[in-house]
Amino acid sequence: MGAGKSSVGKRVAKALGVPFTDTDRVIVREHGPIPGIFSDRGEPAFRALEADAVRTALGTGGVIAVGGGAVTHAATREALSCARIVLLTVSPEAVAERIAGSDRPLLANGGIDAWQTIMDERAATYAELAHVVVDTSRRPMSRVVDEVVTWLRSDSNAPTTEGAP
């Protein structure tokens, strides 16, 4: 949360000339605001919607920004197994500015402390899934985007499956 997935993803997709999908925005467009889904239907229902959005986006291809909690759902982790995954990280100090006043359901009662707890709980899963880690804390967006694009274009990272995203 707050690492810049949507901002970086849009710019990476533009640089590569491929589609960009933000699964959170897809969910909002199709099902309404995320805080409302959490409060009305609960996190498990949201994660199921998110898994569907991720599978659909993977079928489309391009650059996909998934919510930070997407990897907590087994079906989403399985769907992502064919993708090249960039983990964007951010320091607590930098993210505090980015999430101030946020309506993110998991941060509603705890702010930066809740963010740190969530990050600690997910760290092992993020590390397991990521093919490359790029820190966004205090770097110009253009440098982050350039680093991701360079990595994605490198021959050593070419997909091994025909048509893999």
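Visitor: What makes the pairing of the Arg 84 side chain with the backbone oxygen of Leu 152 a polar contact?

Guide: The side chain of Arg 84 reaches that oxygen of Leu 152 at 3.0 Å, and a polar contact is a pair of N or O atoms within 3.5 Å, one able to donate a hydrogen and the other to accept it, with residues adjacent in sequence counted only if both atoms are side-chain atoms. Arg 84 and Leu 152 are 68 residues apart in sequence, yet their C-alpha atoms are 8.1 Å apart in space. This is a predicted model, in which local features need pLDDT of at least 70 and side-chain atom pairs count only at 80 or more, while totals for chains, interfaces and linings use all residues. Residues are numbered from 1 along each chain as its sequence is written, and side-chain values use heavy atoms, leaving out hydrogens and water.

Visitor: Why is Arg 84 called partly exposed?

Guide: Its relative accessible area is 28%, and the term covers what lies between buried (under 20%) and exposed (over 50%), taking a 1.4 Å probe and protein chains only. Arg 84 sits in the loop between helix 5 (74-80) and strand 3.

Visitor: Why does Ser 137 count as buried?

Guide: Ser 137 has 12% relative accessibility, so it counts as buried. It belongs to the loop between strand 4 and helix 8, and its side chain makes a polar contact with the side chain of Asp 135 at 3.0 Å. A polar atom of the Ser 137 side chain also lies 2.7 Å from the backbone nitrogen of Ser 91.

Visitor: What makes a group of residues a nonpolar core?

Guide: The members must be buried Ala, Val, Leu, Ile, Met, Phe, Trp, Tyr or Cys residues, joined through side-chain atoms within 4.5 Å. The largest such core here has 18 residues, and Val 8, Val 12, Leu 88, Val 90 and Val 148 touch the most other members. Helix 1 (5-16), helix 6 (92-99), strand 4 (132-135) and helix 8 (141-153) each give two or more residues to this core, and helix 8 gives the most, with 6. A second, separate core of 13 residues includes Leu 58, Val 66, Val 71 and Ala 83.

Visitor: How do you know which residues Val 12 is in contact with?

Guide: Contact means heavy atoms within 4.5 Å. Leaving aside neighbours within four places in sequence, Val 12 is in contact with Val 63, Val 145, Val 148, Val 149 and Leu 152.

Key:
Helices (H or I, at least four residues) and strands (E, at least two) are DSSP runs, numbered from the N terminus.
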